[in-house]
Amino acid sequence: MAQALLEMRGIVKSFAGVKALDGIDLAVAPGECVGLCGENGAGKSTLMKVLSGVYPHGTWDGEILWDGQPLRAATIRDTERAGIVIIHQELMLVPQLSVAENIFLGNEITLPGGRMNYAAMYQRAAGLLRELNIDGINVAQPVMNYGGGHQQLIEIAKALNKRARLLILDEPSSSLTAAEIRILLDIVRDLKRRGVACVYISHKLDEVEAVCDTVTVIRDGKHVATQPMQGTSTDRIIAMMVGREITNLFPREPHTIGDVIFEARNVTCFDVTNASRKRVDNVSFKLHKGEILGVAGLVGAGRTELMQAIFGAYPGISEAEVWMNGARVKIGTPADAIAAGIGMVPEDRKRHGIVPQLGVGQNITLAVLARFAKGGRIDTAAELDTIHAEMKRLSVRAAHPMLSIASLSGGNQQKAVLTRMLLTDPAVLILDEPTRGVDVGAKFEIYKLMFALAARGVSIIVVSSELTEVLGVSDRVLVIGEGQLRGDFANDGLTQEHILTAALGADVTRSTSASAA
C-alpha cells in the first residue's frame with residue numbers, strides 16, 4: 001500500500017470534561033477512499049472538525065501527520081492551504097452569488113487594481129464542471145437557481161478549485177436523486193484515479209461499498225475497526241456501528257387497521273414564484289386508523305407540498321379540505337393542525353424543524369409549553385422531567401438538555417423534532433423524509449417506534465425518497481407524479497418497479513387498494 005498522505009493518531013477531544021473522541025486513528029493514502037461509518041453522535045463530524053481546523057491544534061490531544069510531517073492547523077484556511085478540503089452536509093454556498101463566484105469565494109482571480117476577473121473565473125469554473133462531467137449549469141447564474149443536487153456538485157467543484165489533495169465528503173448524497181448519486185460516485189472514482197484521497201462519510205452503506213477501498217468504524221467516540229472494504233459485508237459494518245446484529249431493518253409488528261379517520265380532499269398548491277403553475281393538482285386520499293401510508297414519487301413530484309398544505313404550512317397559495325373523524329376541520333396554520341390532532345415532522349429540519357438558538361430540551365417542549373404553564377410562568381422542573389424522559393425514549397444523544405440543538409448531529413436533531421411532535425399526542429402523524437441523514441441504528445429505532453404507534457392506533461403518513469423504506473414500512477402506498485395522484489396501492493407484492501412505473505405516468509397493471517371504502 002502507498003505511504004499514507006494523512007495519519008490521525010490517538011485523537012482525543014473533550015467537551016466540558018466529556019470525551020467526544022477517545023483515541024481515534026485514521027489513515028488515508030493518495031488515491032484511496034476511506035469510508036468513515038458510525039451512528040449519529042459517534043464522533044464522525046467532530047473528528048473531521050479536528051482534521052479540518054475547525055477545532056484548532058491545541059484544543060485536542062493526539063497527533064496529525066500530513067505527508068509525514070506534523071500538521072498544527074490553527075484555522076480552516078491552514079488546512080485548505082495544505083490541500084485538505086471538507087464538504088459539509090449543510091451546504092456552504094451563498095445563494096445570491098453566481099456559480100462561478102461561489103466556486104472562487106475567498107480565492108478570486110483579480111485584475112490589476114483588485115477588480116474581479118470574471119472572464120477568467122467563468123472560464124475556469126466552466127472547465128471544472130466539464131472535468132466533473134456536470135452538464136446543464138450556467139456558471140454566471142445565481143446558485144439559488146439550481147436544486148440541491150446541482151448545488152452539491154458545485155460544492156465539489158469549489159473544493160477541487162482549492163486544489164484539494166484530500167477531500168472529505170460528509171453525507172454528500174443526502175439531498176441527491178438516484179441519477180445525481182450515480183454522477184457523484186463516478187466523480188469520486190475519477191478523483192481516486194487522479195490520486196486525490198477521499199474520506200466518505202455516509203449512512204448509505206451501499207455507497208460506501210461502491211466507492212470505498214477501506215472502512216473505518218467508530219462507536220461512542222472510540223475506534224472500533226479499520227478493514228478493507230473488499231470482503232466486508234454491510235451487515236458486518238452495521239454490527240460494528242451499533243454493537244449488535246440487526247437482522248431485519250424493518251421490524252414489522254402486527255397492527256389493526258380500522259375505519260377511515262382522516263381524509264384530504266381536492267388539495268391544490270400553486271407555485272410560490274409562478275401562481276399559474278400547480279405544484280399539487282386536486283389530490284384526494286383517505287387514511288385509516290392505525291394505518292401506515294407511504295407516499296412515493298420522484299423528486300419535485302409535489303409530495304412535500306401536499307403534506308405542507310394539509311398541515312397549514314405551505315408558503316404559497318393552497319386549497320385543501322381536511323376531515324377528521326368525519327367532520328371537516330379548518331386548518332390555516334400548523335397550530336390549527338396540531339389542535340386538530342395532526343402532527344408533522346418536516347423534510348428540512350434545519351429550516352423548518354429546529355430553532356437553532358434554543359437548547360435541545362426547549363426544542364422538544366416547544367409545541368406543548370402550555371402544559372407546563374402555571375400562573376403565567378413555566379414550571380421548569382416539570383418541563384425538565386418530561387425532557388429527560390422523552391430524550392431517553394428516543395435515545396436523543398446530548399451531553400445536557402440545555403445544550404444548543406445546532407451542536408447536535410443531524411440524526412439527533414431529527415429525533416428531537418420527532419419527540420416534539422409525539423408530545424402533542426397526534427392521531428395522525430406526518431413524517432416527511434423521517435430518516436434522511438440518520439444512521440442505520442437510529443433508523444431501526446424510528447421504524448420500531450412507527451410500528452408501535454400504529455399498534456396503538458396512531459395513523460401515520462410516511463413520505464420518503466427511498467423506495468425500500470416505503471415498501472418496508474407501509475400498509476398502503478400513494479404514488480405522486482407531477483402534482484397528481486398516479487396510484488393508490490395495497491402493499492401486497494408491490495415492487496419498486498410498480499411504483500416507478502406509476503410515478504412516470506405509465507400504465508400499471510395492478511389493482512388499487514380499497515382506500516375509497
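This report describes a predicted model, moving from its sheet and an enclosed helix to its nonpolar cores, its surface and its salt bridges.

## An open four-stranded sheet

Four strands are arranged in the order β12-β11-β14-β15, and together they form an open sheet in which the pairing is antiparallel. The edges are taken by β12 (278–288) and β15 (327–329), each of which pairs on one side only. From one strand to the next, the twist averages 15°.

Strand β11 (residues 260–270) is joined to β12 by seven bridges, the two strands running antiparallel, and at this pairing Phe270 stands opposite Lys278 of β12. Strand β11 also pairs with β14 (residues 318–324), again in the antiparallel sense and over six bridges; here Arg265 of β11 stands opposite Glu321 in β14. Three bridges then join β14 to the antiparallel strand β15, where Val329 is the bridge partner of Val322. The connection between β14 and β15 is a hairpin with two residues between the strands, and Asn325, which lies in the turn, has a positive phi of about 55°.

## An enclosed helix

Helix α9 (residues 303–311) is largely enclosed by the rest of the structure, because nine of its nine residues are buried. The buried residues include the charged-type names Arg303 and Glu305 as well as Leu306, Met307, Ile310 and Phe311. Directly after the helix comes Gly312, whose phi is positive, near 75°.

## Nonpolar cores

In soluble globular proteins, nonpolar side chains tend to be buried together. In this model the largest nonpolar core has 52 residues, and the members that touch the most others are Ile156, Leu167, Tyr200 and Ile237. Apart from this core lies another, made of 35 residues, with Ile292, Leu394, Ile405 and Val438 among them.

## Nonpolar residues at the surface

Leu298, Leu500 and Leu504 make a nonpolar surface patch of about 280 Å². Of these residues, Leu500 is found in helix α17 (residues 496–503), and a relative accessible area of 37% places Leu500 in the partly exposed class. That value is compatible with membership of the patch, because residues enter a patch with over 30% relative accessible area and Leu500 has 37%.

Val94 is another nonpolar residue that is partly exposed, with a relative accessible area of 30%, and Val94 lies in the loop between β6 (84–87) and α3 (99–103). Although Val94 and Val143 are 49 residues apart in sequence, their C-alpha atoms are 7.3 Å apart in space.

## Salt bridges

Side chains of opposite charge can pair when their charged atoms come close. A search of the whole structure finds 25 salt bridges, and three of them are described here with the accessibility of each partner. In the case of Arg193 and Asp190, the side chains meet at 3.8 Å, N to O; both residues lie in helix α6 (residues 178–193), three residues apart, which is about one turn of the helix. Arg193 counts as exposed at 63% relative accessibility, whereas Asp190 is partly exposed at 22%. Both residues also belong to a network of salt bridges that links Arg124, Glu131, Asp190, Arg193 and Arg194.

A salt bridge is likewise formed by Lys374 and Asp379, with the closest N and O atoms 3.5 Å apart; Lys374 is exposed, its relative accessible area being 58%, while Asp379 counts as partly exposed at 23%. In the pair formed by Glu482 and Arg486, the closest N and O atoms are 3.0 Å apart. Here the acidic partner, Glu482, counts as exposed at 66% relative accessibility, and Arg486 is partly exposed, with a relative accessible area of 24%.

Conventions: Residues numbered from 1 in each chain as written. Predicted model: local features only at pLDDT ≥ 70, side-chain atom pairs only at ≥ 80, totals over all residues. Heavy atoms only, no water. Patch = residues over 30% accessible without salt bridge, like charges linked within 9 Å, V, L, I, M, F, W, Y side chains within 5 Å. Areas by Shrake-Rupley, 256 points an atom, 1.4 Å probe, with all protein chains shown as cover. Salt bridge = Lys/Arg side-chain N within 4 Å of Asp/Glu carboxyl O. Buried < 20%, exposed > 50% of the residue type's maximum accessible area, 1.4 Å probe, protein only. Pairing = 2+ DSSP bridges. Axes fitted to C-alpha atoms, helices over the stretch in contact; angles between N-to-C directions. Core = buried A, V, L, I, M, F, W, Y, C linked by side-chain atoms within 4.5 Å.
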